[in-house]
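Work through the exercises below with the sequence and the model side by side. Try each task before reading its solution.

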Amino acid sequence: MADHGEQACRRVDGGISRVFALFGKRWTGQIVSVLLQRPVHFAELRRAIPGISERMLSDRLTELGAAGLVIREVDEGPPLRVAYRLTEAGGAMEPALKELGRWADTYLTRDDAAGSGTGC
């Protein structure tokens with residue numbers, strides 16, 4: 001018989017909770033997915049994710065930077081340009097994200113992903 005009491009609720013994995021606190025936010029997974037391909041300038045990253053606002057992209061990149069997953073690099077130019085790339089920790093997400101993508105292709109219909117914002 002399954003334990004549905006208070007003790008069972010306390011067993012939620014702390015690592016999973018931390019992952020979903022960050023990756024459960026809209027756009028975060030899409031941003032990391034684009035950056036897995038290569039470092040990208042801000043404007044190019046925004047174009048790669050239809051529907052994301054500049055402010056939201058900036059906020060998510062700041063959060064990813066604070067989490068140690070993304071590095072902001074400034075090319076003094078001219079013109080001054082800012083690029084973003086994944087850290088080693090950010091790049092280490094690739095196998096997990098690819099596996100989630102395979103899972104989605106198998107178990108989620110396209111309608112389930114409606115509103116994902118990827119436009120792909």
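**Exercise 1. Determine the strand order of the sheet and state which strands lie at its edges.**

Solution. The sheet is an open one of 3 strands, in the order β1-β3-β2 and with antiparallel pairing, where strands are DSSP runs of E with at least two residues, helices are DSSP runs of H or I with at least four residues, and both are numbered from the N terminus. The edge strands are β1 and β2, each of which pairs on one side only. Two strands count as paired if DSSP finds at least two bridges between them.

This is a predicted model, in which local features need pLDDT of at least 70 and side-chain atom pairs count only at pLDDT 80 or more, whereas totals for chains, interfaces and linings use all residues. Residues are numbered from 1 along each chain as its sequence is written, and side-chain values use heavy atoms, with hydrogens and water left out.

**Exercise 2. Trace the pairings of β3 with β1 and with β2, and name residues that stand opposite one another.**

Solution. Begin with strand β1 (residues 40–41), which is joined to strand β3 (residues 81–86) by 2 bridges, the two strands running antiparallel. Here valine 40 has tyrosine 84 in β3 as its bridge partner.

Next, take strand β2 (residues 70–75), which pairs with β3 over 6 bridges, again in the antiparallel sense. Arginine 72 stands opposite tyrosine 84 in β3, glutamate 73 faces alanine 83, and aspartate 75 is opposite arginine 81.

Finally, look at the connection: β2 and β3 form a hairpin with 5 residues between them, and glycine 77 in the turn has a positive phi of about 75°.

**Exercise 3. Place the sheet within the chain as a whole, and find how helix α3 is set against it.**

Solution. The chain contains 7 helices and 3 strands, and along the sequence they follow the pattern α-α-α-β-α-α-β-β-α-α. Helix α3 lies across β1, β2 and β3 and runs at about 95° to β3; such an angle, between 0 and 180 degrees, is taken between the N-to-C directions of axes fitted to C-alpha atoms, for helices over the stretch in contact.

Of the contacts in the chain with a separation of 6 or more, 49% are between residues 24 or more positions apart, a contact being heavy atoms within 4.5 Å.

**Exercise 4. Decide whether tryptophan 27 and threonine 87 are buried or exposed, and describe where each one sits.**

Solution. Tryptophan 27 lies in the loop between α2 and α3 (28–37), and its phi is positive, about 85°, although it is not a glycine. With a relative accessibility of 6%, tryptophan 27 counts as buried, the classes being buried under 20% relative accessible area, exposed over 50%, and partly exposed in between (1.4 Å probe, protein chains only).

Threonine 87 is in the loop between β3 and α6 (88–91), and at 15% relative accessibility it also counts as buried. Apart from its neighbours within four places in sequence, threonine 87 is in contact with Gly68, Leu69, Val70 and Ile71. For the chain as a whole, 23% of the 120 residues count as buried.

**Exercise 5. Find salt bridges within helices, and state how far apart in sequence their partners are.**

Solution. Side chains of opposite charge can pair when their charged atoms come close. The structure holds 8 salt bridges, each defined by a side-chain nitrogen of Lys or Arg within 4 Å of a carboxyl oxygen of Asp or Glu.

In helix α5 (residues 54–66), the side chains of aspartate 59 and arginine 55 meet at 3.3 Å, N to O. These two residues are 4 apart, so about one helical turn separates them. Aspartate 59 is partly exposed, at 28%, whereas arginine 55 counts as exposed, at 62% relative accessibility.

In helix α7 (residues 94–107), glutamate 94 and lysine 98 are 4 residues apart, about one turn of the helix, and their salt bridge spans 3.2 Å, N to O. Glutamate 99 and arginine 102 also lie in α7, 3 residues apart, with a salt bridge of 2.8 Å, N to O. Elsewhere, Lys25, Arg60 and Glu63 are joined into one network by salt bridges that share partners.
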